[in-house]
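Biologist: Got a minute to go through this one with me? Let's start with the packing around one residue.
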Amino acid sequence: MSRSIVRQSKFRHVFGQMVKAEQAYDDIRVSKVTWDSSFCAVNPKFLAVIVESSGGGAFLVLPLSQTGRVDKNYPLVNGHSGPVLDIDWCPHDDNILASCSEDCTAMVWQIPDHTLTRPISDPVVVLEGHSKRVGIVTWHPTARNILLTAGSDNLIIIWNVGTGEPLISMDDHPDLIYSISWNRNGSLFCTTSKDRRLRVCDPRKREVVAERLAPHEGIRPMRAIFTRDGNIFTTGFTRMSQRELGLWDPTNFEEPIALLELDTSNGVLLPYYDADANMVYLCGKGDSSIRYFEITEEPPYVHYLNTFSTKEPQRGMGFMPKRGVDVTKCEIARLFKLLDKKCEPITMTVPRKSDLFQDDLYPDTAGPEPPMEPEEWLDGRDEDPILVSMREGYVPPKSRELKVAKKNVLDSRPTTRRSMSTLDTNSLPPQLLERLLEEIQNLKATVLSQEKRICDLENKLSQYTNGTD
């Protein structure tokens, strides 16, 4: 008597569940920009959503605990002069967020721990180097303060946020860049482009080290992400416009490790990868479902697990880092589904009867401490993320101020007005010159004292809201 063999996997019965209505975030005016980004970024402290705003670009930042209806006058982060296209939380500081916009700039923001009482319009640093809109922003996984941006000028720039300087610039892409993903230690990144090529780039050598033409034969946008073991997972379309996913070995791009057709929907599939479980969650824009797969070393390599469906289609999606999930409920992933006017968290859970900590579900995961400084990475050093235990759960640390020491920023920026240093001081009477310098010093002292006062008040407010005073 023959018996069918079922593949053994602890993730085979993972199920999705929508949170209760009062735990969602309501009355959010999600951006209507036609750009294939996720419009949402989340970490263990905050939820950030790109929203509609008049007179420029803005996004909303909410503490995770602030569920329910969002006040229509809730303060926004609104420093961009054009619509915001992408946002990304820093993996090494839960209070630092990067954004990019149609105004050709990227900006880095410090978000206070307490609930915002006034709009934030002054970024920590403005990164100006692109000549067209900037559509992708992503942090380096292991080096402190390293940020990558990509624009419609087909240029990739890697910045040291701590100095405001561009470190590396790459112009190897002849057409629009659709997606960028770092590998686990940040030594390489992969890109997909409108020219239908999948590329693997070494930024420190400033060269493309591997590429594949048309990993998916369709002309519609592709996405690619690095997996834990160095392979590349892709989503795209067949020549008949069927959605398709693939798994590739970048050292041998001739044949795919796996290639799987899905359906005929036309929404771009956004992949979200859990390195600890080696699982991929596929969220199509305009879909009402989330498919999830497990990647293994045995054929067929990409195993379909299940589909979580709801009634309403999603506008975007946020993916919580593993250190933000609830280990007491066997939650292995949490996604934040954007609808037209709300954001609904979805928990992915492995059914277990025991209330004890499940070691097999929660291996040590990437923590917030960066193993390298920018100079070390630039000099050729590679380090895997510093891992932390999930046994006691994760408690986000207090906010740390991001200090920016700009070097020669004025040399690379066009001067829009004449400063005192450019005036012909010999033409001024000595008394007038002395009076002007004295007035400048007094104004600087006044500004510094006001900034200190604002900082003291915000710290006091943070102490009250956190219950420490």
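Biologist: What does Phe336 touch, leaving out residues up to four places away in sequence?
Modeller: This is a predicted model. In it, Phe336 touches Tyr25, Cys40, Val42, Leu47, Leu64, Gly316, Met317, Gly318, Met320, Cys343, Glu344 and Pro345.
Biologist: Which residues have the most contacts inside the largest nonpolar core?
Modeller: Ile28, Leu47, Phe59, Val61 and Phe336. That core has 41 residues.
Biologist: Which elements give two or more residues to this core?
Modeller: Strand 3 (40–42), strand 4 (46–51), strand 5 (57–63), strand 8 (84–89), strand 10 (105–110) and strand 29 (331–338). Strand 4 gives the most, with six residues.
Biologist: And what lies apart from it?
Modeller: Another core, of 28 residues. Met279, Val327, Ile332 and Tyr362 are among them.
Biologist: Zooming out. How many helices and strands are in the protein chain?
Modeller: Two helices and 32 strands. The chain has 469 residues, and 52% of them count as buried.
Biologist: What about the surface the chain exposes?
Modeller: About 23,300 Å², with carbon and sulfur atoms supplying 49% of it.
Biologist: New topic, sheets. In what order do the four strands of the open sheet run?
Modeller: 12-13-14-15, with antiparallel pairing. Strand 12 (134–139) and strand 15 (165–170) each have a single partner strand, so one side of each is left without a neighbour in the sheet. Neighbouring strands are turned by 25 degrees against each other on average, direction ignored.
Biologist: How many bridges join strand 14 and strand 15?
Modeller: Five, with strand 14 covering residues 156–160. Trp159 has Pro166 in strand 15 as its bridge partner.

Key
Residues are numbered from 1 along each chain as its sequence is written. This is a predicted model: local features need pLDDT of at least 70, side-chain atom pairs count only at pLDDT 80 or more; totals for chains, interfaces and linings use all residues. Side-chain values use heavy atoms; hydrogens and water are left out. A nonpolar core is a set of buried Ala, Val, Leu, Ile, Met, Phe, Trp, Tyr and Cys residues joined through side-chain atoms within 4.5 Å. Buried means under 20% relative accessible area, exposed over 50%, partly exposed in between (1.4 Å probe, protein chains only). Contact means heavy atoms within 4.5 Å. Accessible areas come from the Shrake-Rupley method with a 1.4 Å probe; for residues, only the protein chains shown count as cover. Two strands pair if DSSP finds at least two bridges between them. Axes are lines fitted to C-alpha atoms, for helices over the stretch in contact, and angles run from 0 to 180 degrees between N-to-C directions.
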